[in-house]
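Work through the exercises below with the model open beside you. Try each task before you read its solution.

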Amino acid sequence: MLGEFLHILAAATISWILFVTVDIFFRLPEAGGVSGASAVARDIEAGGGALAGGTMMGNIVCSPDASAGTLLAACGVYAAGIPGGLAAALMVFVGNRICHDPGYAGTTGAVLATFVVYAFTLVGFSATDFIAGMVIAILTIQGLSHTHASRLLDRLWRARQ
Amino acid sequence: MIALYLVAAIAVFAAIRVIIEKNTARKLPYTNVMNFAVAGALVLLLDHPLSIVAAAAYFVGSTLEANAIASTYAGGMKR
């Protein structure tokens, strides 16, 4: 019971690092992919947050990014192993095109996450740990405090520049 | 089993945050969390290899809806 809980917390940390790294590498905080992403960023900034962090959060809302890729890859690995994860990556790719997203953060995140999740299933983790872990990871960015999350992402974005 | 309860609890928490939040644009990140949690719960509940297709279809569809709501809120398409 406690072991599973600790596995979920560890998976949440790994997923958090994975998706934030991929999203920042693909320059999600730089500009809104669609006008809606910029609107979310503007309102987060108006609420006391940072614009670059808000832009990344807006982009996460408006198109499947690396966080969605990580979640669906974990779901894919749970349902059907590595082929399931790669099928999820393909569906994220289609989702990106449907959502008018020019980037490849989601697809790259899904492919990377497929192998990361599979590797961790070999050392005692379960893919379900990563499904719950990714939901916790996205909760910390999008669901607790937009002000603090956007400032943290802004700081990481400045470090990348 | 903990994973499923945790994911379901986060979905309910996010839904409550959506209702409480007044600003339309700032509701969307909470909706996003709820969509993540529902997509995760779908796969955890349905014990079938094709459940990934259901989760991806739900997630991409809900993201597209959030995209449409946000873009309409931003003033729609500029012609």
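**Exercise 1: Chain B on its own**

From the N terminus on, the elements of chain B run α-α-α. This is a predicted model, in which local features need pLDDT of at least 70 and side-chain atom pairs count only at pLDDT 80 or more, while totals for chains, interfaces and linings use all residues. Residues are numbered from 1 along each chain as its sequence is written, and chains are lettered from A and ligands numbered from 1 in the order in which they are written.

Task: State how many helices and strands chain B has, and give its dimensions and its buried share.

Solution.
- Step 1. Count the elements: chain B has three helices and zero strands. Helices (H or I, at least four residues) and strands (E, at least two) are DSSP runs, numbered from the N terminus.
- Step 2. Take the dimensions: the C-alpha trace spans about 45 × 30 × 10 Å along its principal axes.
- Step 3. Find the buried share: 49% of the 79 residues of chain B count as buried. A residue is buried if 20 or more other C-beta atoms lie within 10 Å of its own, exposed if 12 or fewer, and partly exposed in between; C-beta atoms are placed from the backbone.

**Exercise 2: Two helices of chain B**

Task: Describe how H1(B) and H2(B) cross.

Solution.
- Step 1. Recall the method: two packed helices are described by the angle between their axes and the distance between the axes.
- Step 2. Read the values: the axes of H1(B), residues 2-20, and H2(B) come within 8 Å and cross at roughly 155°. Axes are lines fitted to C-alpha atoms, for helices over the stretch in contact, and angles run from 0 to 180 degrees between N-to-C directions.
- Step 3. Classify the angle: H1(B) and H2(B) are therefore roughly antiparallel to each other. Angles under 35 degrees count as roughly parallel, over 145 as roughly antiparallel, 65 to 115 as roughly perpendicular and the rest as oblique.
- Step 4. Give the hand: the crossing of H1(B) and H2(B) is left-handed. That means the near helix is turned anticlockwise from the far one by less than a right angle; clockwise is right-handed.
- Step 5. Sort the contact by class: H1(B) with H2(B) has 16 nonpolar, two polar and two charged residues. Ala, Val, Leu, Ile, Met, Phe, Trp, Tyr, Cys and Pro count as nonpolar, Asp, Glu, Lys and Arg as charged, and the others, Gly among them, as polar.

**Exercise 3: Chain A on its own**

Task: State whether chain A is as compact as a globular protein of its length, and describe its make-up.

Solution.
- Step 1. Count the elements: chain A has seven helices and zero strands.
- Step 2. Compare the radius: the radius of gyration of chain A is 15 Å, close to the 15 Å that the globule rule gives for 161 residues, so chain A is as compact as a globular protein of that length. The radius is taken over C-alpha atoms, and the rule is 2.2 Å times the number of residues to the power 0.38.
- Step 3. Add the box: the C-alpha atoms of chain A fill roughly 45 × 35 × 25 Å along the principal axes.
- Step 4. Add burial: buried residues make up 64% of the 161 residues in chain A.

**Exercise 4: Two helices of chain A**

Task: Describe the crossing of H1(A) and H5(A).

Solution.
- Step 1. Read the values: the axes of H1(A) and H5(A), residues 105-121, come within 10 Å and cross at roughly 150°.
- Step 2. Classify: H1(A) and H5(A) are therefore roughly antiparallel to each other.
- Step 3. Give the hand: this crossing of H1(A) and H5(A) is right-handed.
- Step 4. Name partners: those in H1(A) include Ile14(A) and Leu18(A), and those in H5(A) include Leu112(A) and Val116(A).

**Exercise 5: Where the chains meet**

Task: Describe the side of chain A that touches chain B, then one helix pair across it.

Solution.
- Step 1. Count: 45 residues of chain A are in contact with 37 residues of chain B. Contact needs C-beta atoms, placed from the backbone, within 7 Å.
- Step 2. Find the main giver: H4(A) gives the most to this side of chain A, with 14 residues.
- Step 3. Sort by class: the side divides into 30 nonpolar, 12 polar and three charged residues.
- Step 4. Take the pair: the axes of H4(A) and H2(B), residues 24-45, come within 10 Å and cross at roughly 5°. That makes H4(A) roughly parallel to H2(B).

Technical notes:
Contact = placed C-beta atoms within 7 Å.
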